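Thank you all for coming. Please take a moment to look over the sequence and the model before I begin.

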Amino acid sequence: MTTTSRTGIPGTRPNESSLTLRRHVLDLDDFSRDEIEEVLKNTDVMREVLGREIRKIPTLRGKTIFTLFYEASTRTRASFEEAGKIMSADVINVSAGGSSVEKGESLYDTALTLQAMRADMIVIRHSDSGAPYFLARHLDAPVINAGDGAHAHPTQALLDLFTIKNHLGKIEGKKVAIVGDILYSRVVRSNLWGLTKMGAQVTVCAPPTLVPPDFLAGFPEEHAFSNLQVTTRVEEALEGADVVMALRLQLERQKSGHLPSLREYARMYGISTQRMKLANSGALVMHPGPMNEGIEIDADVAHGAASVIEEQVTNGVAVRMALLYSLI
């Protein structure tokens with residue numbers, strides 16, 4: 001007899017764990033390794049749905065998801081919307097521009113308004129670090145952090161973990177080199193929590209002006225990042241890497257005196273075909289997007305055989321489906 005799981009997918013039974021009891025997804029610092037493993041397993045199931053000719057399941061029929069974005073976004077916002085709609089939820093997008101925010105309404109009052117509309121989930125992106133945490137403390141509805149300031153981007157980290165495991169079979173013991181704007185990247189912070197918990201060997205690399213001071217000083221033995229390697233030499237970072245992740249160089253940072261010029265950064269830190277020869281054979285090339293081609297990564301690398309950047313986008317939909325399923 002064919003069984004049907006709570007996902008509405010015949011023949012599958014995702015494991016029950018503390019993940020189904022989780023209220024919010026704010027960052028990966030409070031995720032256990034088992035919880036991350038469960039997200040990755042459920043993402044596998046959702047990837048199967050995305051491969052079907054008819055991509056529709058009734059899992060979240062009758063549920064309403066609000067995406068509340070105070071910053072511009074293409075990949076994250078569209079993938080949350082697609083994830084919800086594939087699972088038959090009603091997804092309502094709210095932007096700061098054109099809403100009551102422009103009239104001076106506070107984040108708290110905006111969120112209360114959405115909750116009064118019987119929101120089953122609120123997905124928020126905000127320029128201020130901590131905004132999702134504020135909502136999680138004051139709302140009844142579950143909250144997913146879609147990026148807050150320079151602090152965290154947990155769903156991006158989860159899709160990166162899934163992509164690595166999907167290609168390399170495991171994350172533990174793999175060397176991951178992260179090159180780029182470490183100081184201001186919310187992607188790198190969430191990835192560090194996820195990668196270290198899953199047993200990866202992580203090296204971060206950037207110009208000294210774009211490395212957080214505590215990273216340069218080193219972490220105590222009891223800290224989760226105690227084995228983190230930090231270098232300002234890209235060749236050292238890429239040597240023997242299984243994964244090379246380039247981070248977007250936020251062009252506004254150059255105006256703040258962090259870099260002498262974009263051309264100089266590309267020369268010193270850009271991921272090129274020549275530099276990729278230092279990595280292990282079969283090493284993956286990743287980027288959270290959007291890319292500044294020719295600056296942090298060359299076009300032939302970004303679109304080459306080793307690149308899984310487009311696949312990251314597809315996996316982002318599946319990861320967000322898995323999280324919506326677990327929380328709602």
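I will go through the domains, the interface they share, a pair of strands and two details of the backbone.

What you see is a predicted model, in which local features need pLDDT of at least 70 and side-chain atom pairs count only at pLDDT 80 or more, while totals for chains, interfaces and linings use all residues. Residues are numbered from 1 along each chain as its sequence is written, and side-chain values use heavy atoms, with hydrogens and water left out.

Let me start with the domains. The domain assignment gives domain 1 as 33–153 + 315–327 and domain 2 as 155–309, such bounds coming from an automatic or database domain assignment. The C-alpha centres of domain 1 and domain 2 lie 26 Å apart, and 27 residues of domain 1 are in contact with 24 residues of domain 2, where contact means heavy atoms within 4.5 Å.

How much area do domain 1 and domain 2 bury between them? The value is about 2000 Å², 60% of it on carbon and sulfur atoms; buried area here is the accessible area (1.4 Å probe) that two parts lose on being put together, summed over both. On the side of domain 1, Arg-33, Leu-40 and His-153 lose the most area to domain 2, together 33% of what that side buries.

Turning to polar atoms, the rule finds three salt bridges across the interface of domain 1 and domain 2, a salt bridge being a side-chain nitrogen of Lys or Arg within 4 Å of a carboxyl oxygen of Asp or Glu. Arg-33, which we have just met, forms a salt bridge with Glu-172 at 3.1 Å, N to O. Arg-186 likewise forms a salt bridge with Glu-71, with the closest N and O atoms 3.0 Å apart; this pair links distant parts of the chain, since Arg-186 belongs to helix α6 (residues 186–197) and Glu-71 to the loop between β1 and α2, 115 residues apart. Helices (H or I, at least four residues) and strands (E, at least two) are DSSP runs, numbered from the N terminus.

Now to the strands on either side of α2. Strand β1 (residues 64–69) and strand β2 (residues 90–95) run parallel and are joined by six bridges, two strands being paired if DSSP finds at least two bridges between them. Within this pair, Phe-69 stands opposite Ser-95 in β2.

Finally, the backbone. Most residues other than glycine have a negative phi, and most peptide bonds are trans. Ser-88, in the loop between α2 and β2, has a positive phi near 75°. The peptide bond from Gly-289 to Pro-290 is cis, with omega near -10°, and Pro-290 sits in the loop between β9 (284–286) and α12 (299–302).
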